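Dear colleague,

I am handing over the structure we spoke about, and you will find the sequence and the coordinates just below. My notes on what was found follow after that.

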Amino acid sequence: MKITMNQDPAFPETEVIINCPHTDEDILRLVAMLRIHQRKLVGILNGEQHLLDVRDILYIDTADKRTFLYTGNAVYESALRLYELEDGLRELDFLRVGRSAIVNFRKIKSICPELGGRLLVTMDNGEQVYVSRQYAGEMKEKLRELERSFLK
């Protein structure tokens with residue numbers, strides 16, 4: 001892969017152009033990572049690519065080596081791996097809650113403690129996601145941060 005960068009103050013905005021002989025999984029992953037910086041993700045539904053606003057995503061999970069983006073009304077597939085999404089979305093209040101799931105903290109409706117140290121998170125649309133013991137501490141810390149910021 002050849003990478004060229006042209007810097008000129010005369011350019012009105014940053015533009016990324018990808019020239020390729022064909023679109024493959026690597027190209028789709030690259031485009032998806034660039035979209036995260038625009039606060040957009042590419043979701044595939046019925047063979048069509050949709051631009052999703054990151055704020056509309058409730059949670060993300062993986063199954064059978066495939067990654068899925070859940071919104072209030074549809075489930076989209078992503079070309080990105082969970083760890084790639086986690087890195088790109090961390091600053092936007094997305095938290096890892098298990099080996100195969102990430103939730104949008106801003107879309108949580110309620111959190112309920114479960115036996116064994118797990119948490120049960122109910123999202124805005126009523127869907128429920130478990131937070132494993134390993135990640136429950138991070139979720140609780142996020143709640144404490146929220147309370148502290150409210151008290152300031």
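Subject of these notes: cavity, salt bridges, hairpin and surface

Helix α1 and strand β1 (40–45) each supply at least two residues of the lining of the largest cavity. Please keep in mind throughout that this is a predicted model, and that every value below was computed from it.

The cavity

The largest share of that lining, three residues, comes from α1, a helix that spans residues 25–37. The complete lining of the largest cavity consists of Leu28, Val31, Ala32, Val42, Ile44, Gln49 and Ala79. The space inside the largest cavity comes to about 50 Å³, and a search of the whole structure finds one cavity of 30 Å³ or more.

The salt bridges

The count of salt bridges comes to seven, and three of them are described here. Side chains of opposite charge can pair when their charged atoms come close.

In one of the seven, the side chains of Glu86 and Arg96 meet with an N to O distance of 2.6 Å. Glu86 lies in helix α2 (residues 82–89) and Arg96 in strand β6 (residues 94–98), so this pair ties together parts that are ten residues apart in sequence. Both ends of the pair fall under the 20% limit for burial, because Glu86 has a relative accessible area of 18% and Arg96 has one of 13%.

Another salt bridge joins the side chains of Lys142 and Asp93, again at 2.6 Å from N to O. Since Lys142 belongs to helix α3 (residues 133–151) and Asp93 to the loop between α2 and β6, the pair ties together parts that are 49 residues apart in sequence. Lys142 counts as buried at 17% relative accessibility, and Asp93 is likewise buried, with a relative accessible area of 16%. This pair does not stand alone, for salt bridges that share partners join Asp93, Arg106 and Lys142 into one network.

A further salt bridge is formed by the side chains of Arg55 and Asp53, with 2.6 Å from N to O. Is each of its two partners buried or exposed? Arg55 counts as exposed, because its relative accessibility is 60%, whereas Asp53 is buried, with a relative accessible area of 15%.

The hairpin

Strand β8 (residues 108–113) pairs with strand β9 (residues 119–123) in the antiparallel sense, and the pairing runs over five bridges. Within this pairing, Cys112 has Leu120 in β9 as its bridge partner. The two strands β8 and β9 form a hairpin with five residues between them, and in the turn Gly116 has a positive phi of about 80°.

The surface

On the outside, Val16, Ile18 and Leu34 make a nonpolar surface patch of about 230 Å². One member of the patch, Ile18, is placed in the segment before α1 (25–37). Ile18 is partly exposed, with a relative accessible area of 33%, and it can therefore be counted in the patch, since residues there need over 30% relative accessible area.

With best regards

Key: Residues numbered from 1 in each chain as written. Predicted model: local features only at pLDDT ≥ 70, side-chain atom pairs only at ≥ 80, totals over all residues. Heavy atoms only, no water. Patch = residues over 30% accessible without salt bridge, like charges linked within 9 Å, V, L, I, M, F, W, Y side chains within 5 Å. Areas by Shrake-Rupley, 256 points an atom, 1.4 Å probe, with all protein chains shown as cover. Salt bridge = Lys/Arg side-chain N within 4 Å of Asp/Glu carboxyl O. Helix = DSSP H or I, 4+ residues; strand = E, 2+ residues; numbered from the N terminus. Buried < 20%, exposed > 50% of the residue type's maximum accessible area, 1.4 Å probe, protein only. Pairing = 2+ DSSP bridges. 1 Å grid on protein atoms, 1.4 Å probe; cavity = no way out; pocket = protein on both sides within 12 Å on 5 of 7 lines; lining within 4 Å. Points joined across faces, edges and corners; volume = space filled by probe spheres on them.
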